[in-house]
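This briefing sets out selected features of one protein model. The topics are charged side-chain pairs, the sheet, backbone conformation and a long-range separation.

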Amino acid sequence: MLEQLRQVNGIDPNRDSAEFDLLFENAFDQWVASTASEKCTFFQILHHACQRYLTDRKPEFINCQSKILGGNSILHSAADSVTSAVQKASQALNERGERLGRAEEKTEDMRNSAQQFAETAHKLAMKHKC
């Protein structure tokens with residue numbers, strides 16, 4: 001379980017290696033990812049999960065490249081692009097709402113004009129009937 005994880009050891013932060021160690025309360029496991037890149041992605045996801053879901057005792061990440069745990073992570077990039085997409089969508093919705101508001105105003109003006117025209121036409125018809 002994540003709560004039992006005590007340490008994540010990247011073994012050597014100065015070289016791209018797929019090897020890493022996980023130290024749990026009652027176990028020590030040596031792992032090898034498919035690639036160094038997959039190890040990096042796994043560490044980023046694991047670090048994010050620990051930060052988000054563990055409140056009391058968070059594991060120590062040692063011998064990891066600082067970019068993995070810092071602001072340049074895949075998760076931060078993904079979050080930034082999602083935030084950007086949400087902002088663009090929100091802006092587009094606001095613009096659409098403004099256009100719909102203008103269309104409603106024009107429709108109301110046209111309805112009023114049509115009503116006035118009908119009243120004037122009716123008055124003229126009544127005047128010329130007599």
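**Salt bridges**

- Asp 12 is partly exposed, with a relative accessibility of 25%, where buried stands for under 20% relative accessible area, exposed for over 50% and partly exposed for the range in between (1.4 Å probe, protein chains only).
- The side chain of Asp 12 forms a salt bridge with that of Arg 15, at an N to O distance of 3.5 Å; the term denotes a side-chain nitrogen of Lys or Arg within 4 Å of a carboxyl oxygen of Asp or Glu.
- Arg 15, the partner of Asp 12, is likewise partly exposed, at 43% relative accessibility.
- The structure, which is a predicted model, holds three salt bridges.
- A salt bridge also links the side chains of Arg 6 and Glu 25, with 2.3 Å from N to O.
- Arg 6 belongs to strand 1 and Glu 25 to the loop between strand 2 and strand 3 (28-32), so this pair ties together parts that lie 19 residues apart in sequence.
- Helices (H or I, at least four residues) and strands (E, at least two) are DSSP runs, numbered from the N terminus.
- Arg 6 counts as buried at 17% relative accessibility, whereas Glu 25 is partly exposed at 45%.
- Glu 108 and Arg 111 form a salt bridge in which the closest N and O atoms are 2.9 Å apart.
- Both Glu 108 and Arg 111 lie in helix 3 (residues 74-129), three residues apart, and are thus separated by about one helical turn.
- Arg 111 is partly exposed at 47% relative accessibility, and Glu 108 is partly exposed at 36%.

**Basis of the values**

- Residues are numbered from 1 along each chain as its sequence is written, and side-chain values use heavy atoms, with hydrogens and water left out.
- Because the model is predicted, local features need pLDDT of at least 70 and side-chain atom pairs count only at pLDDT 80 or more, while totals for chains, interfaces and linings use all residues.

**Surroundings of Arg 6**

- Arg 6 is placed in strand 1.
- Leaving aside residues up to four places away in sequence, Arg 6 touches Leu 23, Phe 24, Glu 25, Arg 57, Pro 59 and Glu 60, a contact being heavy atoms within 4.5 Å.
- Glu 25 thus appears among the contacts of Arg 6 and is also its salt-bridge partner.

**Sheet architecture**

- Four strands form an open sheet in the order 3-2-1-4, with mixed pairing; two strands pair if DSSP finds at least two bridges between them.
- Strand 3 and strand 4 occupy the edges and have a single partner strand each, so one side of each is left without a neighbour in the sheet.
- From one strand to the next, the twist averages 15 degrees, with axes taken as lines fitted to C-alpha atoms (for helices over the stretch in contact) and angles running from 0 to 180 degrees between N-to-C directions.
- Strand 1 and strand 2 run antiparallel and are joined by four bridges; Gln 7 has Leu 23 in strand 2 as its bridge partner.
- Strand 2 and strand 3 are paired in the antiparallel sense over five bridges, and Phe 20 stands opposite Trp 31 in strand 3.
- The connection from strand 2 to strand 3 is a hairpin through three residues.
- Strand 1 and strand 4 are paired in the parallel sense over three bridges, with Asn 9 opposite Ile 62 in strand 4.
- In a regular strand, side chains alternate between the two faces of the sheet.

**Positive phi outside glycine**

- Ile 11 is not a glycine, yet its phi is positive, at about 70 degrees.
- Ile 11 is located in the loop between strand 1 (5-9) and strand 2 (19-24) and is partly exposed, at 32% relative accessibility.
- Asn 63 also has a positive phi, of about 55 degrees, although it is not a glycine.
- Asn 63 sits in the loop between strand 4 (60-62) and helix 2 (66-69), where Asn 63 is partly exposed with a relative accessible area of 35%.

**Long-range separation**

- Lys 123 is found in helix 3 and is exposed, with a relative accessible area of 59%.
- Lys 123 and Leu 23 are 100 residues apart along the chain, and their C-alpha atoms are separated by 92 Å.
- Leu 23 is also the bridge partner of Gln 7 and one of the residues that Arg 6 touches.
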